[in-house]
There are 2 protein chains.
Amino acid sequence: MLSKKTKYGLKALIYIAKQGGLGPVLISDISEKENIPKKFLETILLDLKKFGILGSKKGKGGGYYLMKDPKTISMATLIRVLDGPIAMLPCVSLNFYEPCDDCPNEKACILNHFMAEVRDNTLNLLQKKTLYDLIIV
Amino acid sequence: MLSKKTKYGLKALIYIAKQGGLGPVLISDISEKENIPKKFLETILLDLKKFGILGSKKGKGGGYYLMKDPKTISMATLIRVLDGPIAMLPCVSLNFYEPCDDCPNEKACILNHFMAEVRDNTLNLLQKKTLYDLIIV
DNA sequence: TATTAGTCTATCGATTTAATAGACTAATAA
DNA sequence: TTATTAGTCTATTAAATCGATAGACTAATA
């Protein structure tokens, strides 16, 4: 399951993307319209900024805006930034790989092979879908 | 990500299935061969018994055995029993559904629709694959 | 009746998650 | 230049979950 942080983050990004680049969007605006705790949302958007997905402007007329064309932002990237690994096991994660303590031979591990298949299956969908696909309803 | 409980549980089931029904399999046997903490494994197998996946026999010559043909046990079922929802959000879970507090209208929620698509995509694979598919290498 | 092996309850520490608090800094406009 | 707006940063907290362990108990077999 995705964390609430991830759900909130995705909803915020969809909200911002829907504005279509008409100036920065206020945290408080997103918070109210999407029913996301404001302080929590602050930390999430800050995270997205750190990863170059969002940019921000302080002061009056400030807010958050997308740094790239929504068509170039895949859902796989967003889930990885917000939630972490897409794979079901660390030993088949492409971006967050970690070996299993209990597994003496990963290449011979049946579960490893199966979970890699599941990962590829999911990735195939998540990499194709972009933020843009979500805002054109 | 799947919990260690789930990973251990799946490895144990694969181990038991590989014995091909030649009498009950000992917890200690699985624990040693698969490097799973024995006490932890006990609780996991007990869980699988509760859900009718495994049966057990006490005393000498006892142990755990499969209650059904591995060909009839889907990976989707196993992951649900061990880990919980397969869906990425509670609001699109078929077996563990819960509405989102922040969502005023689920049917109109873009994320909901997208995550339902992801769920179907994953489920399509997990329901086809059975425990048997994992033991024939 | 001794031994083997699963059952049950409970507890523990560590980590993660969700959320909040509050002081601070940058940008804008009057 | 200063009041206001709005994002930044650090930190703390409460609750939940995770991974693991302890120990007493019960059933089955030889």
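**Start at the axis**

Select A:T122 and show its C-alpha atom: of the residues of chain A, A:T122 comes closest to the rotation axis, at 3.2 Å. Keep in mind that everything on this tour is a predicted model.

What is that axis? Two copies of a chain are related by a rotation about an axis and a shift along it. Here, a rotation of 180 degrees superposes chain A on chain B, with 0.0 Å of shift along the axis and an RMSD of 0.1 Å. That is the relation of a two-fold axis.

**Chain A on its own**

Now hide the rest and color chain A by secondary structure. You should find six helices and two strands. Walk from the N terminus and the elements go α-α-α-β-β-α-α-α. Turn the chain around a bit: along its principal axes, the C-alpha trace of chain A spans about 60 × 30 × 25 Å.

How much of chain A is buried? Of its 137 residues, 33% are. And take the contacts in chain A between residues at least 6 apart in sequence: 57% of them join residues at least 24 apart.

**Along helix 5**

Next, select residues 110-128 of chain A, which is helix 5. Try a distance between the C-alpha atoms at its two ends: they are 28 Å apart. At 1.5 Å a residue, the 19 residues should span 27 Å, so the two values agree.

Which residues of this helix are buried? Pick A:L111, A:F114, A:M115, A:V118, A:T122 and A:L126. Look at how they are spaced. An α-helix has 3.6 residues a turn, so residues three or four places apart point the same way.

Bring chain B back to see what lies over these residues. The cover for the buried residues of helix 5 includes helix 4 (75-82) of chain A, and from chain B it includes helix 1 (4-18), helix 5 (110-128) and helix 6 (131-135).

**Where the two chains meet**

Stay with both chains. The contact takes 22 residues from chain A and 22 residues from chain B. On the side of chain A that touches chain B, the elements giving two or more residues are helix 1 (4-18) and helix 5. Helix 5 has the largest share, with seven residues. Color that side by class and you get 15 nonpolar, three polar and four charged residues.

Which surface does each copy use? For chain A, 100% of the interface residues are also interface residues in chain B, so the copies meet through the same surface.

**Into the core**

Select A:A12 and B:A12. They have the most contacts inside the largest nonpolar core, a set of 76 residues. Zoom in on B:A12: leaving out residues up to four places away in sequence, B:A12 touches B:I30, B:E34, B:I36, B:L41, B:I44 and B:L45.

**Over to the DNA**

Show DNA strand D. How many residues surround it? There are 24, and the closest are A:G63, B:S3, B:P37, B:K39 and B:G59. The elements giving two or more residues to this surface are helix 2 (27-34), helix 3 (38-50) and strand 2 (63-66) of chain A, along with helix 1 and helix 3 (38-50) of chain B. By class, the surface near DNA strand D divides into six nonpolar, nine polar and nine charged residues.

**Last stop**

Finish with A:K33, in helix 2 of chain A. Is A:K33 buried or exposed? A:K33 is exposed, because it has 12 other C-beta atoms within 10 Å, and 12 or fewer counts as exposed. Then add A:K129: the C-alpha atoms of A:K33 and A:K129 are separated by 24 Å, with their positions 96 residues apart along the chain.

Methods
Residues are numbered from 1 along each chain as its sequence is written. Chains are lettered from A and ligands numbered from 1 in the order in which they are written. This is a predicted model: local features need pLDDT of at least 70, side-chain atom pairs count only at pLDDT 80 or more; totals for chains, interfaces and linings use all residues. Helices (H or I, at least four residues) and strands (E, at least two) are DSSP runs, numbered from the N terminus. The expected span of a helix is 1.5 Å times one less than its number of residues. A residue is buried if 20 or more other C-beta atoms lie within 10 Å of its own, exposed if 12 or fewer, and partly exposed in between; C-beta atoms are placed from the backbone. Two residues are in contact if their C-beta atoms, placed from the backbone, lie within 7 Å. A residue is near a molecule or strand if its C-beta atom, placed from the backbone, lies within 6 Å of it. Ala, Val, Leu, Ile, Met, Phe, Trp, Tyr, Cys and Pro count as nonpolar, Asp, Glu, Lys and Arg as charged, and the others, Gly among them, as polar. Copies are superposed by least squares on the C-alpha atoms of residues with pLDDT of at least 70 in both. A nonpolar core is a set of buried Ala, Val, Leu, Ile, Met, Phe, Trp, Tyr and Cys residues joined through C-beta atoms within 7 Å.
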